[in-house]
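Visitor: I am new to this structure and would be grateful for a close look at a single part of it. Could you take me through the salt bridges and what surrounds them?

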Amino acid sequence: LRIRPVEGTGASQSPAILVKEDGSFALEHLFGPVVLRAEGLRGWHIQSVLHGGRDITDEPTELVPGMELRVTLSERLGTLTGVVTNSSGATVAAAVIVLAEDPVLRHERATMTKMVYTSANGRYVIEGLRAGRYIAVAVPREASSLADATADYYDLLASQGSKVTIRDREADTLDLKVFAVR
């Protein structure tokens, strides 16, 4: 597990957090809002981070002493596949971005924000999608950076994307037309 700061220039992730055999872990020396992420567990993804029964997985949260979290990992999340074409119907290499339908959950550190590059024949696969309502959009590779993306940029992507509902353990297919971001 790792803690990722949400604010501040040069903010970096925490060193790995030691998870004990009983599944417990302790967090120390944290300042400002953070999100918790799992890394290095091939095929496993965060399904939820709960505090007091409330899902805070993608909600930047300031952790305080005594706060208890329940982190659930899963290897049975959803998958989205498809083919990207241009306006002429030819397959193209592009970047495919999925983001939450809910604007509050649209930020680059959200588990519901993912980006993959298609193969040369326009095919893409996005694995590890938590159950929920998404918007998928294909953009040229050179316009694919989400680093420091603003809410307006996410809104632009959402306005040009296609809605899709992802369910755990299911693979969905969604073919996309590339959107020329300007």
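Guide: What follows is a walk through the salt bridges, with a few other residues added at the end. Please bear in mind that the model is a predicted one.

The structure contains seven salt bridges. A good place to begin is the one in which the side chains of R37 and D58 meet, at 3.0 Å from N to O. R37 belongs to strand β2 (residues 34–37), while D58 sits in the loop between β4 (54–55) and β5 (70–74), so this pair ties together parts that are 21 residues apart in sequence. Both R37 and D58 are buried.

D58 has a further partner in R130, and here the closest N and O atoms are 3.2 Å apart. This second pair links distant parts of the chain: R130 is in the loop between β9 (123–129) and β10, D58 is in the loop between β4 and β5, and 72 residues separate them. R130 is buried, as is D58. Through salt bridges that share partners, R37, D55, D58 and R130 are joined into one network.

Another salt bridge connects R54 with E59, with 2.2 Å between the closest N and O atoms. As for exposure, R54 has a relative accessible area of 43% and is therefore partly exposed, since that value falls between 20% and 50%. E59, at 32%, is partly exposed as well.

A buried residue outside these pairs is T79, which lies in strand β6 (residues 78–85). Its relative accessibility is 18%, so T79 counts as buried, the limit being under 20%. Leaving aside residues up to four places away in sequence, T79 touches V125, I126, E127, E170, A171 and D172.

One of those contacts, E170, leads on to R169, which is placed in the loop between β11 (162–166) and β12 (171–173). R169 has a positive phi of about 65° although it is not a glycine. Most residues other than glycine have a negative phi. With a relative accessibility of 62%, R169 counts as exposed, because the value is over 50%.

D148 also has a positive phi, near 60°, and is likewise a residue other than glycine. The loop that holds D148 runs between β10 (132–139) and α1 (151–160). Its relative accessible area is 71%, so D148 is exposed.

To return to the starting point, the buried residues R37 and D58 belong to the network that also includes D55 and R130.

Definitions and conventions:
Residues numbered from 1 in each chain as written. Predicted model: local features only at pLDDT ≥ 70, side-chain atom pairs only at ≥ 80, totals over all residues. Heavy atoms only, no water. Helix = DSSP H or I, 4+ residues; strand = E, 2+ residues; numbered from the N terminus. Buried < 20%, exposed > 50% of the residue type's maximum accessible area, 1.4 Å probe, protein only. Contact = heavy atoms within 4.5 Å. Salt bridge = Lys/Arg side-chain N within 4 Å of Asp/Glu carboxyl O.
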